[in-house]
Amino acid sequence: MATEQIFIPTKENQSRAWISSMEEYQKMYDASVKDPEKFWDEQAKEFLYWKKPWDTTLEWDFTKPYVSWFKGGLTNASYNCLDRHTQGLHRNKAAIIWESDGGRTKMYTYQSLLTKVCRFANVLKDHGVKKGDVVAIFMPMVPEVVTAMLACARIGAIHTIIFSGFSSQALRDRIQDSNAKCLITVDAGKRGGKVIPLKVMADEAMLETPTIETCFVVTHSRATINMQEGRDFYYHEETRRRDISNECEPEWVEADHPLFILYTSGSTGKPKGVVHSTGGYLLGCAITTKYVFDLHDEDIYFCSADVGWITGHSYIVYGPLCIGGTSLMFEGIPTYPNAGRFWEICEKHAVNQFYTAPTAIRSLMKNGPDEPSKYNLSNLRILGSVGEPINPEAWLWYFHEVGQGRCSVVDTWWQTESGAHMISNLPGCTPMKPGSATLPFFGVQPIILTEEKKEAAVDEDGRLCIKFPWPSMLRRMWGEDSDKRMMDNYFGIFPGYYFSGDGAALDKDGYYWLKGRVDDVINVSGHRMSTAEVEAALNSHAAVAESAVVGYPHEIKGEGIYGYVVLNEGFEPSDDLTQMIVGHVRKDIGPIASPDYIHFVPDLPKTRSGKIMRRIVRKIAAGKIDKEGFGDLSTLVDPDIVDVIIETRPNA
């Protein structure tokens, strides 16, 4: 492990930080794990407003599995993110700053955002949406997506956001699984100067989603679209109706009431609907936003993520707004119209905290290595990394070129399922090691276990598990077979523990080093893609008889998608066929699932029981072609196929 380089937070960052010394961190951390219920009881009272206090702080049993935080308590996420901030000095403070794909800026104060949320909440109720109903949101990074989320939360409806980069089929599948009653979308999205026909895609999906009764359409690109009478309504026309009130009393919900469903890839190929609660999730977002980003009242905080993923939920909307922060959201890509786009925004808005993914950092290192020096980034204090382990080279460029050697780099490890940060340095106190997520956040009790279910030794690779519940953790999977899927995915692999699916190691200083996924899930640009889901898309093409998908090291994305394809009779390998197959996957799942390589092979290396020996295809995809390192091949039906695959690989 690269432990020789250690960077200490500057005295300036230390002097103004909420947590300014390792002694202070250790004292607070020790209290959080010695008596977790007392600790979280105190934090819940400090960070959230409760209409009714809870009866029990925590009930849990990982063997069932069952977790309940703040049972009996009543709260509302919309009220916590908006109303309480309008009752004092924050009334006219910027809540959301929106930077458009074309460079336009809009600002929404806490009061103006509250009014918009109340009006749309009343529109939803007027169209029959009520507590417990599921509302699907298929929108790009426009301000109305925040309004939609908080309006759902206000009336106790459950939102499920589907990433706007997904295909109509992926949208359809998620609506069908969630039984959503209502869909909110836009006429068309804009990304990197391109127009994306989201309403057209939504129309295709709604041909097979009979549960959708109402579709609201935000006018964003003034694209020509079809509107189905009785089902489709223009968002702005509905919210501007004279009979719609500016006020909407929040629905006070139980702490464990579902706030949202977010679909994430699993090793089975079928997207998993992760359900997050209201009280515990909101608390996790709020406390981590404050301490990990060292967010103060006067700060401008910029997270470059998309709300279609958990980072956008937690660290664009719920976390910053819950503590009264100013959150900057961005519609676009980091390299449009040039590789200085992020730095231009940071200069324009005097950004103090910037949070992005290693994929974006590596891309900017390659395409605009000198761009940061062209902009005034003197207001930056904190730089964040999210989505995958950041390689030391990218960390050092980020620290020196963007942060000018004075910004703390917070390397955050967490997941869709965890809801909020789990392992991260704190910017005012933790010594930083490039590539290490460093130390656990308050209340988080990690353990690294070997495959034999024993605690790993120092520097020994193992599986990252969690010993004790934390408030923002997932509560269940959406659907009737939730308990079985929870056990299969998280709690049954290492009984008595939550298994993250990630590999990790612990160094001599107690620092955690994440190694990436250990299951059949690829981390592409910080977004989890199921190999089984991509294989299913490949296999549905008329030319494909069989496929195997693996991840391989990618200079920019971290992991790329490598597809081995066996063709049906009558089809021959060609560049045209490769393009057709890649296009088929893009249409079936979305551009993010596009294979980087299609490797045509006559057969796949299989054991006599018919199982693909994936360790071989992974090694070949990674460029490792020395058969001595492949291990025992004696169980293969046809050992010679390995030589054929090596000889025909596209990157040979």
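## Sheet edges and salt bridges

Colleague: At what angle does helix α5 run to β5?

Modeller: Helix α5 (residues 110-126) lies across β4 and β5, where contact means heavy atoms within 4.5 Å. Helices (H or I, at least four residues) and strands (E, at least two) are DSSP runs numbered from the N terminus. Axes are lines fitted to C-alpha atoms, for helices over the stretch in contact, and angles run from 0 to 180 degrees between N-to-C directions. For α5 against β5 that gives about 85°.

Colleague: What pLDDT do side-chain atom pairs need?

Modeller: Residues are numbered from 1 along each chain as its sequence is written, and side-chain values use heavy atoms, without hydrogens and water. The model is predicted: totals for chains, interfaces and linings use all residues, local features need pLDDT of at least 70, and side-chain atom pairs need 80 or more.

Colleague: Which strands are the edges of the open sheet?

Modeller: Two strands pair if DSSP finds at least two bridges between them. The 7 strands run in the order β5-β4-β17-β16-β18-β19-β20, with mixed pairing. Those that pair on one side only are β5 (105-109) and β20 (408-411).

Colleague: Which residue of β5 stands opposite A94?

Modeller: Strand β4 (residues 94-99) and β5 run antiparallel, joined by 5 bridges. Opposite A94 is T109.

Colleague: Which helix does the chain pass through from β19 to β20?

Modeller: β19 (residues 382-385) and β20 run parallel, with 4 bridges. The crossover between them is right-handed: with the strands pointing away from the viewer, the path from the first strand over the helix to the second runs clockwise. The helix is α14 (residues 392-402).

Colleague: Are R154 and D83 buried or exposed?

Modeller: Their side chains meet in a salt bridge at 2.7 Å, N to O; the term means a side-chain nitrogen of Lys or Arg within 4 Å of a carboxyl oxygen of Asp or Glu. The two residues are 71 residues apart. By relative accessible area (buried under 20%, exposed over 50%, partly exposed in between; 1.4 Å probe, protein chains only), R154 and D83 are buried.

Colleague: How far apart in sequence are the parts that R241 and D126 tie together?

Modeller: The closest N and O atoms of this salt bridge are 2.8 Å apart. R241 is in the loop between α9 (235-239) and β13 (253-254) and D126 is in helix α5, so the parts they tie together are separated by 115 residues.

Colleague: Which residues share a salt-bridge network with R381 and D299?

Modeller: R381 and D299 are both buried. Their side chains meet at 3.1 Å, N to O. Through shared partners, the network also takes in R16, D294 and E298.
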